[in-house]
Amino acid sequence: MLDPEIDFLNHGSFGALPRSVSARQEEWRRRVEARPIEMLGRRCRELLGPAREAVAGLVGASPADIGFVTNATGGINAVLRALPLRAGDVLATTTHVYNAVRQTMRFVARQAGAEYRELPVPPPFAHPDAIVDAIDAALDERVRLLVVDHISSPTAVVFPVERIVARCRERGIDVLIDGAHAPGMVPLELERLGAAYYAANLHKWMCAPKGCAFLWTRRDRQAHVHPATISHFLDQGYATEFDWQGTRDISAWICAADAIAFMRGLGLERVMAHNHALATWVQAHLCGRWGVQPLTPLDGSLLGSMATVRLPSAFQPGGPFATFESINLALYERFRIEVPVVEWQGVRHVRPCCQVYNRPEQYERLADAVLALARSGADAARS
Ligand SMILES: Cc1ncc(COP(=O)(O)O)c(C=O)c1O
């Protein structure tokens, strides 16, 4: 459904909806509007059952451990806001944390008189072991919960979550994984992974309608977890509570099953392999064109379906672009390229995303546009 006038290199922010899944969602909306009491009042749980089973099958989990939420932010809020925290406890994450999650953690820590802490995981990211060691070295006995990204937003690094969870289990620390980008980008086996909590979006890389996400919680942690919006079914079962969070449009959740069927129809493994190969090429190619150092190994071993690439020096703070947002806008307005521009640890980058509708020439146009902007920015600065 994307506008062909735009080079859309930002699948990662909000996903993109296949026409067939959109049509299914419209159909469900029509059915609900035709019989609101029957569909929402009496049959809500029954309608969500097949969707929950499809999600559980996709991520290697039991349906009873899957709670629907509107987005990963909502899932993370559900965990953090129900966490029994005491003054002096530490809520920890890494310097790669997504800003909305950072704000939630800061809020929750502040309310409890706890400490919010960002553990440094500095570049270059050469090997997964170095990431695990950097995190492990900064943990201590006051850390109550570690929030770690599966695929980080600003840096697009695939974190070695299996090893991080294992290390934290040895130390008795619970882990909440922010898997906002994971379904559809990397294979998932949540039960085997064994984190305490896993929040993820289906509206990004699984191409479900917007507002389709889930929170998986390990059985032994379910008693204290509730949706951020508590409604009628408090303490009546994990999935039951999440199914009803007040009156809302449930069509996106129902359509999780359709989105999964659509992606399986394309060949989910093939899609992931294609996107990963394209992201690996994009990283190497842009680094070469712009003469910058890669953030992660050029063999793509720490990448999924997107890559974060440092922008040339003309774009860095102190240059002609006052903010990183102005770079994003210039690429969009002058070149019709939609690509995330991020500033991380004081350095500006782009984070092109790779989905099956993207073509190599689109990244070539990005490479040219950035070089053209660097020239015109330098001219403007001189005049
Ligand atoms: C790592 C990470 N966490 C959380 C989110 C938030 O996702 P949502 O807005 O769907 O809650 C994002 C969105 O890009 C993300 O990249």
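Guide: Let's start with a term: on a 1 Å grid over the protein atoms alone, a cavity is a set of points where a 1.4 Å probe fits but cannot get out, while a pocket is an open set with protein on both sides within 12 Å along at least five of seven lines; lining residues have an atom within 4 Å of a point. This is a predicted model, in which local features need pLDDT of at least 70 and side-chain atom pairs count only at pLDDT 80 or more, whereas totals for chains, interfaces and linings use all residues. Residues are numbered from 1 along each chain as its sequence is written, and side-chain values use heavy atoms, with hydrogens and water left out.

Visitor: How many cavities of 30 Å³ or more does a search of the whole structure find?

Guide: The search finds 1, with a volume of about 30 Å³ (the space filled by probe spheres set on the points, which are joined across faces, edges and corners). Val132, Ile135, Asp136, Leu139, Ile164, Arg167 and Cys168 line this largest cavity. The elements giving two or more residues to its lining are α7 (128-138) and α8 (161-170); helices (H or I, at least four residues) and strands (E, at least two) are DSSP runs, numbered from the N terminus.

Visitor: And which residues are closest to the centre of the largest pocket?

Guide: Look for Ser13, Tyr98, Ser153, Val342 and Arg351, out of 37 lining residues. About 780 Å³ of space lies in that pocket. Two or more lining residues come from each of α1 (11-14), α5 (72-81), α6 (99-112), α14 (324-335) and β11 (341-344), and β11 gives the most, with 4.

Visitor: Into which domains is the protein divided?

Guide: There are domain 1 (19-263) and domain 2 (267-382), with bounds from an automatic or database domain assignment. Their C-alpha centres lie 28 Å apart. The contact between them (heavy atoms within 4.5 Å) takes 28 residues from domain 1 and 22 from domain 2. Each domain also supplies at least three residues to the lining of the largest pocket.

Visitor: Where does the largest nonpolar core lie?

Guide: A nonpolar core is a set of buried Ala, Val, Leu, Ile, Met, Phe, Trp, Tyr and Cys residues joined through side-chain atoms within 4.5 Å; buried means under 20% relative accessible area, exposed over 50%, partly exposed in between (1.4 Å probe, protein chains only). Here the largest core has 77 residues, and those touching the most other members are Ile135, Leu146, Val148, Ile177, Tyr198, Leu202 and Phe214. Both domains give residues to this core, so it lies between them. For a closer look, take Leu146: beyond four places in sequence, its contacts include Ala92, Leu119, Ile135, Leu139, Ile164 and Cys168. A second, separate core of 27 residues includes Cys287, Val292, Ile327 and Val339.

Visitor: Now the backbone: which residues does a cis peptide bond join?

Guide: Pro123 and Pro124, with omega at about 0°. Pro124 sits in the loop between β4 (115-119) and α7.

Visitor: Is Ala156 buried or exposed?

Guide: Ala156 counts as buried because its relative accessible area is 0%. Although not a glycine, Ala156 has a positive phi of about 55°, and its place is the loop between β5 (143-149) and α8. Gln345, also not a glycine, has a positive phi of about 55°. You'll find Gln345 in the loop between β11 and β12 (347-350), where it counts as exposed because its relative accessibility is 54%.

Visitor: Which residues is Ser22 in contact with, leaving aside neighbours within four places in sequence?

Guide: Met1 and Leu17. Ser22 belongs to helix α2 (residues 19-34) and, at 14% relative accessibility, counts as buried.
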